[in-house]
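Take a look at the model below. The text then walks through it, one part at a time.

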Amino acid sequence: MSLQAYPSIVQVPLVGFLSWLVPGLGHILLGHRTRGLVCMVTIIATFWCGVAIGSVQGTVAPHYRKLWFVAQLGTGGNTLAAYALHLAVSPESAKSSKPVLVSHWMSAEVGVHYTGVAGLLNLLVILDAMARSEPFKAGGRRRRQLSRGFP
Amino acid sequence: MTAAMLASLFTTAMELSGRQRFFLMLPLCLSIAIVYKAIRNDSMQRFPIGVLTLWVTIVMGLVAVGGGLWVLFRIMV
């Protein structure tokens, strides 16, 4: 599957969406395989290590940790999977706005930091993948040519 | 059975001491260094040394900031 076949108006948002859903997938589909795989493995490992440290109930809690959940949403598919696991394990705590006492606060804090940082790192990856897609690259070449005085 | 064991890995929190919490900063900083360098480096040849340099820089910076704040706290309190 190549993204080059899509029109430019579709390609950029599609690359962004795929990078959001699975970190690094946008890079891989654009042909930057090593870069995409490095980002994918690192971000997914960071996110799930955070969940393993703090437990899914203490880490991915959108009603109790609203702003952290927004940061975690940067990893898209991983956060949705973790929230689904939270709902499956303990549906009442998933919707509670009170702290979940399934883990020591220190473990939960470390887990939240890991997952939040993974989400914010994936935002960088999404923006980079969108910037590397063909329409942006063509725009960059055109701007560089213009700045050098070429038509 | 395997799915239940895998799920329990993510539903049971780890017990951490204060010292262990500080050491968990190291892999997090490594993740930041890897992703940043993967995005910024045009060539992957200098990637490992770039990651190592950035990782050491981040950790030393955090240690310096933490040490400075600790000294300030000791002086003022």
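The crossing of H3(B) and H4(B) is right-handed; the near helix is turned clockwise from the far one by less than a right angle. This is a predicted model, where local features need pLDDT of at least 70, side-chain atom pairs count only at pLDDT 80 or more, and totals for chains, interfaces and linings use all residues. Residues are numbered from 1 along each chain as written, while chains are lettered from A and ligands numbered from 1 in the order in which they are written.

Helix H3 of chain B covers residues 25–40, and helix H4 of chain B covers residues 47–76. Helices here are DSSP runs (H or I, at least four residues), numbered from the N terminus. The two axes, lines fitted to C-alpha atoms over the stretch in contact, come within 8 Å and cross at roughly 135°. That makes H3(B) oblique to H4(B), a word for angles that are not under 35 degrees, over 145, or 65 to 115.

Which residues meet? B:Met25, B:Leu26 and B:Cys29 are among those that H3(B) brings, and H4(B) offers residues including B:Phe47, B:Gly50 and B:Trp55. Contact means C-beta atoms, placed from the backbone, within 7 Å. The residues divide into 15 nonpolar, one polar and one charged. Nonpolar covers Ala, Val, Leu, Ile, Met, Phe, Trp, Tyr, Cys and Pro; charged covers Asp, Glu, Lys and Arg; the others, Gly among them, are polar.

Now chain A. It has nine helices and zero strands. Its 31 contacting residues touch 19 residues of chain B. Helices H3, H4, H6 and H8 of chain A each give two or more residues to that side. By class, the side has 18 nonpolar, eleven polar and two charged residues.

Note on methods. Two residues are in contact if their C-beta atoms, placed from the backbone, lie within 7 Å. Axes are lines fitted to C-alpha atoms, for helices over the stretch in contact, and angles run from 0 to 180 degrees between N-to-C directions.
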